[in-house]
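The following exercises concern a single protein structure and are to be solved by inspecting the coordinates. Each task is followed by a solution in steps.

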Amino acid sequence: MSMDIAFPPVIKHTSSSAIPLGHLRPLGYQRKPAGKVKEILDMPDAHSFEMKYVKQSRPVVIREALKDLPVFNTWKEDKYLKDKFGNLSITTTIKKQLQRRVQSLMQFKKFLLDYMYDDWWLATTMPKEMANELPLPDCLRCGSYRQRLQEAELWMSSGGTASLLHSHDDHNIHCVLFGRKDFIVIDEQYKSSFDYTEKYHNAGSGFSKLDMDMINMFKNKDIANIPWSYATINQGDCILIPAGYLHQVRSYGRGISFSILFAPSKVFDSSDCKLTTDENGQKKEERLSDAAYVWVVRDSKRQISAMNMEPSILKKYLDLLLRADDEIHYEKFEHFFEDALEQYPDHTSAREAFDVLTDKPGQTELTRDQLENIKPNKLVHLSRIFNDARTKQGNFVRDEL
């Protein structure tokens with residue numbers, strides 16, 4: 001629960017020792033940091049956020065991004081959370097984030113009863129009931145960002161958590177409501193020095209298999225030469241971790257935070273951003289729950305948001321899957337397809353579904369040009385595959401038009 005841990009760590013050089021600096025110590029003890037992650041005050045507007053940070057793939061800490069939130073008072077005590085959200089089902093994970101993580105689904109009230117004593121932390125897709133009480137960050141309320149939101153996630157622990165060194169294929173804004181989080185941030189060009197493994201082939205995301213609490217410097221000598229930046233964020237602060245950036249996170253004290261993943265894009269449009277103010281020019285207040293995401297919680301499970309897969313919705317999902325790349329690899333489509341239909345085991349194979357989109361069976365990628373010029377009948381066919389899987393189990397819901 002301690003909040004006064006020194007960070008970055010104080011490094012004492014012992015040049016006479018035969019043991020490499022930082023051997024069997026946590027990541028960060030192997031060399032001094034290159035410096036702090038860039039810091040700014042207050043949440044920027046969407047256009048500035050894009051031009052200065054996202055487009056430049058530049059991490060940034062946003063101090064006082066969230067101000068005077070009611071949850072700073074209401075969520076301060078677990079009793080409020082238990083009384084209001086206790087019956088929700090959430091996903092928990094063992095605190096030390098090993099390569100094979102042990103996850104469990106439990107009621108929130110049970111987690112609140114035990115998390116101060118058991119070795120668990122909460123990591124779950126944000127329940128809508130809780131998203132109703134949290135703000136949608138200003139920079140994501142309009143423009144291309146608003147259309148490219150993948151998922152909102154909720155994090156909670158009693159402190160003492162440590163993540164793997166990992167990266168995402170989406171941009172990530174992480175905001176702290178309670179507690180403290182320390183970030184080590186490393187450019188993706190150094191992945192190979194950390195025994196980095198992709199989540200799956202052509203994933204664009206993954207993790208280091210090294211134990212971040214005990215770096216073996218005899219086996220991983222290159223780490224002594226890899227520059228890293230650091231950041232500490234507290235209540236009301238947020239940090240942007242651009243897609244691809246390696247980062248490791250440690251938490252201290254009773255911690256509650258949330259993150260929003262949004263897909264990279266080759267182009268950015270902020271033409272609708274003026275609509276985020278009311279008729280008097282005042283900023284509109286928006287909740288996390290006001291936005292649309294690809295992944296949501298429904299029936300206590302992480303599911304794709306579209307219950308009825310229309311061709312236009314499917315096209316949007318494929319655009320998001322493409323991100324800023326020039327092609328969608330089959331493995332990435334397969335991962336999305338299987339996640340979306342996880343509850344419906346009697347569905348068409350991902351290989352057959354992908355062949356619907358491509359010009360020839362067995363292709364390993366769908367190019368940006370192919371997607372932009374895809375024939376409507378292909379989208380209709382693939383939409384039917386999604387919907388048929390649900391129909392077979394009686395879970396199909398047709399949207400009212």
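**Exercise 1.** Are Cys175 and Cys238 buried or exposed? Establish also how these residues are connected.

*Solution.* The model is a predicted one.

Step 1. Buried means under 20% relative accessible area. Both Cys175 and Cys238 are buried.

Step 2. The sulfur atoms of Cys175 and Cys238 are 2.1 Å apart, and a disulfide joins the two residues. The torsion about this S-S bond is 110°, and the link is right-handed.

Step 3. Cys175 belongs to strand β9 (residues 171-186) and Cys238 to strand β13 (residues 238-241), so the disulfide ties together parts that are 63 residues apart in sequence.

**Exercise 2.** How many disulfides does the structure contain, and what is the pairing of the bonded cysteines in sequence order?

*Solution.* Step 1. The criterion is a pair of cysteine sulfur atoms within 2.5 Å. By this rule there are two disulfides.

Step 2. Besides the link treated above, Cys142 is joined to Cys273, with an S to S distance of 2.1 Å. The torsion about that bond is about 90°, so this disulfide is right-handed. Cys142 lies in the loop between α5 (128-131) and α6 (143-146), while Cys273 lies in the loop between β14 (246-262) and β15 (295-298); these distant parts of the chain are 131 residues apart. Cys142 and Cys273 are both buried.

Step 3. When the bonded cysteines are numbered in sequence order, the pairing reads 1-4, 2-3. Cys139 takes part in no disulfide: the nearest cysteine sulfur, that of Cys238, is 7.9 Å away. Cys139 is buried, with a relative accessible area of 0%.

**Exercise 3.** Which geometry does the aromatic pair of Trp75 and Phe85 adopt, and which parts of the chain does the pair tie together?

*Solution.* Step 1. A search of the whole structure yields 19 aromatic pairs. In one of them, Trp75 and Phe85 have ring centres 6.1 Å apart and planes at 70°. Planes over 60 degrees apart count as edge-to-face, and the pair is classed accordingly.

Step 2. Trp75 is in the loop between α2 (71-74) and α3 (78-85), and Phe85 is in helix α3, so the pair ties together parts that are 10 residues apart in sequence.

Step 3. Phe85 also forms an edge-to-face pair with Tyr80, at 6.4 Å centre to centre and with 80° between the planes. Phe85 is buried, with a relative accessible area of 2%, whereas Tyr80 counts as partly exposed at 26%.

**Exercise 4.** Which arginines lie over the rings of Trp295 and Tyr330?

*Solution.* Step 1. Trp295 and Tyr330 belong to a cluster linked by ring pairs, which also includes Tyr317, Phe333, Phe336, Phe337, Phe354 and Phe386.

Step 2. Over the ring of Trp295 sits the charged end of Arg302, 4.1 Å from the ring centre. The face of Tyr330 is covered by Arg351, at 4.4 Å from the ring centre.

**Exercise 5.** What is the angle between helices α7 and α8, and how far apart are their axes?

*Solution.* Step 1. Helix α7 (residues 311-322) packs on helix α8 (residues 330-340) at about 130°, and their axes are 11 Å apart.

Step 2. The two helices are therefore oblique to each other. The crossing of α7 past α8 is right-handed.

Note on methods
Residues numbered from 1 in each chain as written. Predicted model: local features only at pLDDT ≥ 70, side-chain atom pairs only at ≥ 80, totals over all residues. Heavy atoms only, no water. Phe/Tyr/Trp six-rings, centres within 6.5 Å; stacked < 30°, edge-to-face > 60°. Helix = DSSP H or I, 4+ residues; strand = E, 2+ residues; numbered from the N terminus. Buried < 20%, exposed > 50% of the residue type's maximum accessible area, 1.4 Å probe, protein only. Lys NZ or Arg CZ within 6 Å of the ring centre and 35° of its normal. Axes fitted to C-alpha atoms, helices over the stretch in contact; angles between N-to-C directions. Parallel < 35°, antiparallel > 145°, perpendicular 65-115°, else oblique. Left-handed = near helix turned anticlockwise from the far one by under 90°.
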